[in-house]
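Trainee: I would like to practise reading a protein structure. Can we go through one together?

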Amino acid sequence: MATSIKKIVGASLIGTTIEWYDFFLYGSAAALVFNQLFFPDSDPLTGTLLAFLTYAVGFVARPLGGLIFGHFGDRFGRKSLLVVSLLLMGAATFLIGCLPTYEGVGAAAPILLTTLRLVQGFALGGEWGGAVLIVSEHGEASRRGFWASWPQAGAPGGNLLATGVLAALAAWQSDEAFLAWGWRVPFLLSGVLVFIGLWIRLTITESPVFQQAEPEKAPPIVGVLRHHWRDVITAIGARMAENISFYLITVFVITYAKTTGIDNSTVLNAVLISSAIHFVTIPMWGALSDRIGRRPIYLAGAAGAGVWIFAFFPLIDTGNFLAITLAVTVGLLFHGMMYGPQAAFFSELFGTRMRYTGVSIGAQLSAIVAGALAPIIAVTLLRDFGSSVPISVYLAAASVITLIAVYAAKETQGRDLAERIRA
């Protein structure tokens, strides 16, 4: 069992890291160059806002991806759907690296960019639920929080990889060269990474819990809405502070730093270091949730994120590399306290033959109002008020929502995933 679960975790982690690399690469490029390449007629902040609107389109497609992948994943299994999601994501990301810019084809450029972003979002919407479930359903209940948190580490792993490639290019290239062609390199690299991920994913076995479960007569979405609608609401609320804090800390921070005159390499290197720490600590929070429960860790992370954000922006304003690194690192530690236990927590809310659908719908619906809008709202608040305080209040309000949702939920630690869970 130990060897088997390690292989499952490794395959899931590598696949999710590649998919998140693709997804986050777009967000970083939107903050750095897409405003100039695809929306050149706008002023810098408005151009960035338009770039983030195309970024948000990916989130809009995620619930649809979650619904469709969840339906077939609950009907036919987790493994095959994970292969399809990786192929879709890799193809879309590679093609973004091949796109002509506004200068070459005019308005067609942002339209093509938006279309490929939709494909990215659709793929990621189906990826997340399957990746965390195939690990959750293989491992023993006593260590589920630890094992299931490893696919979650794929998010900072992908961000680490994307930021690292961009930071290297920014250090080795002039701004002119990066704008001319250097930005394409990380997107084209995705094609190589996808083949590696596919080779590894094809070697894993299907979830034994899924194989042993009795099929539901009704479609999975009907079962979720009939028996688990409260759990879907719990998942949506729990994701608010987690999702918003992550995208403010790792994506919007690049735009914010640029407006204060901080060069790209400084903030990218700070995010790079912080993401490495984030990657290592997420499984620690998952393991701790196996000892004291999912809810206490999650609640502490939500409260911490809502308070820390008021120190986050003043630290960025200093322009000091160590202060910026501290700001991002502590913010991501609080995020990890929510994100680490989240996979096991959400998996334990739903019955087996509607679990993929329930987890995906709850997580991805919140992604629209949380992750998709976070950079847009933050840029708008910064443009309209010229201050970071309204942005901090925005995250603090989201933290209150998460605190209420998680506090009102039942503790799920140790639940038998083979049970026919009913609300």
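Mentor: Yes. Keep in mind that this is a predicted model. Start with Phe346, which has a relative accessible area of 0%.

Trainee: Is Phe346 buried or exposed?

Mentor: Compare its value with the cut-off. Under 20% relative accessible area counts as buried. Phe346 has 0%, so Phe346 is buried.

Trainee: Which residue forms an edge-to-face aromatic pair with Phe346?

Mentor: Look at the ring centres and the planes. The centres are 6.2 Å apart, and the planes meet at 75°. Planes over 60 degrees apart count as edge-to-face. The partner of Phe346 is Trp128.

Trainee: How many residues apart in sequence are the parts that Trp128 and Phe346 tie together?

Mentor: Place each residue in its helix. Trp128 lies in helix H5 (residues 108-136). Phe346 lies in helix H15 (residues 321-347), so the pair ties together parts whose separation in sequence is 218 residues.

Trainee: Is Trp128 buried or exposed?

Mentor: Use the 20% cut-off again. Trp128 has a relative accessible area of 5%, so Trp128 is buried.

Trainee: Which charged residue sits over the ring of Trp128?

Mentor: Look for a charged end above that ring. One lies 5.7 Å from the ring centre. It belongs to Arg239.

Trainee: Which residues do ring pairs link into a cluster with Trp128?

Mentor: Follow the ring pairs outward from Trp128. Phe346 is in the cluster. The cluster also holds Tyr298 and Phe345.

Trainee: What is the angle between the planes of Phe38 and Trp183?

Mentor: These two rings also form an edge-to-face pair. Their centres are 6.2 Å apart. Phe38 lies in helix H1 (residues 2-38) and Trp183 in the loop between helix H8 (175-182) and helix H9 (184-201), so the pair ties together parts 145 residues apart in sequence. The angle between the planes is 80°.

Trainee: Which residues touch the most other members of the largest nonpolar core?

Mentor: That core has 118 residues. One of the three leaders is Phe34. Leaving aside neighbours within four places in sequence, its contacts include Leu113, Trp183 and Phe187. The three are Phe34, Tyr247 and Phe312.

Trainee: How many residues of helix H6 are buried?

Mentor: Helix H6 covers residues 144-152 and is mostly covered. Its buried residues include Phe146, Trp147 and Pro151. Of its 9 residues, the number buried is 8.

Note on methods
Residues are numbered from 1 along each chain as its sequence is written. This is a predicted model: local features need pLDDT of at least 70, side-chain atom pairs count only at pLDDT 80 or more; totals for chains, interfaces and linings use all residues. Side-chain values use heavy atoms; hydrogens and water are left out. Rings of Phe, Tyr and Trp (its six-membered ring) pair if their centres lie within 6.5 Å; planes under 30 degrees apart count as stacked, over 60 as edge-to-face and the rest as tilted. Helices (H or I, at least four residues) and strands (E, at least two) are DSSP runs, numbered from the N terminus. Buried means under 20% relative accessible area, exposed over 50%, partly exposed in between (1.4 Å probe, protein chains only). A charge sits over a ring if NZ of Lys or CZ of Arg is within 6 Å of the ring centre and within 35 degrees of the ring normal. A nonpolar core is a set of buried Ala, Val, Leu, Ile, Met, Phe, Trp, Tyr and Cys residues joined through side-chain atoms within 4.5 Å. Contact means heavy atoms within 4.5 Å.
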